[in-house]
Amino acid sequence: MASVEVSINGRFYRIACEDGQEQRLIRLAGSVDEKVSSLVEQVGQVGDTRLLVMASLLIADELDDAKHGNGHANGGANGGANGGSVPDPAQNQAAIAALSALAERIEHIADSLESA
């Protein structure tokens, strides 16, 4: 099993992952870091745990929107950037699968942080 060191909100964490998944985990951690940085701009430094919970909830909200076709994650109820055209079901399923995997990884990271 491989491990990588990722940075979120200026703190470094060593996270285990499957061999060959290192770059993907680094990319996903970068996305979480961007979400946390955006929250810091909005609410300030309110603690790592609270920021990670807030970021997780925002990502979960995006995942829920994707699963239920609410449209919020893609620009709102007016159809988003594609002008209201019907989305490709295969693309929706791929996005849902990717977001589900991301949510699972975030839960594992949160569990690792809680046990550290």
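A contact here means heavy atoms within 4.5 Å. The legends below describe a predicted model.

**Figure 1. Overall arrangement of the predicted protein.** The protein contains three helices and two strands, which follow one another along the sequence in the pattern β-β-α-α-α. Of the 116 residues in the protein, 24% are buried. The exposed surface amounts to about 7,600 Å², and carbon and sulfur atoms supply 50% of it. Among contacts with a separation of 6 or more, 41% are made by residues 24 or more positions apart.

**Figure 2. Confidence along the predicted chain.** The protein has a mean pLDDT of 79, and 74% of its residues reach 70 or more. Among the elements, strand 1 has the highest mean pLDDT, 94, and helix 3 has the lowest, 70. Over residues 73-84, pLDDT stays under 50. For this segment, residues 73-84, the model has nine contacts beyond four places in sequence.

**Figure 3. The largest nonpolar core.** This core comprises 20 residues. The members with the most contacts inside the core are Val 6, Ile 8, Ile 15, Leu 25, Val 32 and Val 36. Two or more core residues come from each of strand 1 (2-8), strand 2 (11-17), helix 1 (22-43), helix 2 (48-68) and helix 3 (89-115). Helix 1 gives the largest share, six residues.

**Figure 4. Surroundings of Val 6.** Val 6 belongs to the largest nonpolar core and is listed among the residues with the most contacts inside it. With neighbours within four places in sequence left aside, Val 6 is in contact with Arg 11, Phe 12, Tyr 13 and Ile 15. The contacts of Val 6 also include Leu 25, Ile 26 and Ala 29. Two of these partners, Ile 15 and Leu 25, are likewise listed among the core residues with the most contacts.

**Figure 5. Asp 48 and its polar partners.** Asp 48 is placed in helix 2. Its relative accessible area is 19%, and the residue counts as buried because this value is under 20%. When residues up to four places away in sequence are not counted, Asp 48 touches Asn 9, Arg 11 and Tyr 13. The side chains of Asp 48 and Asn 9 are joined by a polar contact of 3.0 Å. The side chains of Asp 48 and Arg 11 meet in a salt bridge, with an N to O distance of 2.5 Å. Since Asp 48 lies in helix 2 and Arg 11 in strand 2, the pair ties together parts that are 37 residues apart in sequence. Whereas Asp 48 is buried, Arg 11 counts as partly exposed at 46% relative accessibility.

**Figure 6. The salt bridge between Lys 35 and Glu 62.** A search of the whole structure finds two salt bridges, one of which joins Lys 35 and Glu 62. The closest N and O atoms of this pair are 2.6 Å apart. Lys 35 lies in helix 1 and Glu 62 in helix 2, so the pair ties together parts that are 27 residues apart in sequence. Glu 62 has a relative accessibility of 30% and counts as partly exposed.

**Figure 7. Ala 66 and its distant partners in sequence.** Ala 66 lies in helix 2 and is partly exposed, with a relative accessible area of 23%. Leaving out residues up to four places away in sequence, Ala 66 touches Ile 96 and Leu 99. Between Ala 66 and Ile 96 the separation is 30 residues in sequence, and the C-alpha to C-alpha distance is 6.1 Å.

**Figure 8. Ile 109 and its contacts.** Ile 109 is found in helix 3. With a relative accessible area of 16%, Ile 109 is buried. Not counting residues up to four places away in sequence, Ile 109 touches Ile 15 and Leu 25. Both of these partners are named among the residues with the most contacts inside the largest nonpolar core. Ile 109 and Tyr 13 are 96 residues apart in sequence, and their C-alpha atoms are 9.1 Å apart in space. Helix 3, in which Ile 109 is found, has the lowest mean pLDDT among the elements, 70.

Key. Residues numbered from 1 in each chain as written. Predicted model: local features only at pLDDT ≥ 70, side-chain atom pairs only at ≥ 80, totals over all residues. Heavy atoms only, no water. Helix = DSSP H or I, 4+ residues; strand = E, 2+ residues; numbered from the N terminus. Buried < 20%, exposed > 50% of the residue type's maximum accessible area, 1.4 Å probe, protein only. Areas by Shrake-Rupley, 256 points an atom, 1.4 Å probe, with all protein chains shown as cover. Core = buried A, V, L, I, M, F, W, Y, C linked by side-chain atoms within 4.5 Å. Polar contact = N/O pair within 3.5 Å; in protein donor to acceptor, adjacent residues only side chain to side chain. pLDDT = per-residue confidence, 0-100. Salt bridge = Lys/Arg side-chain N within 4 Å of Asp/Glu carboxyl O.
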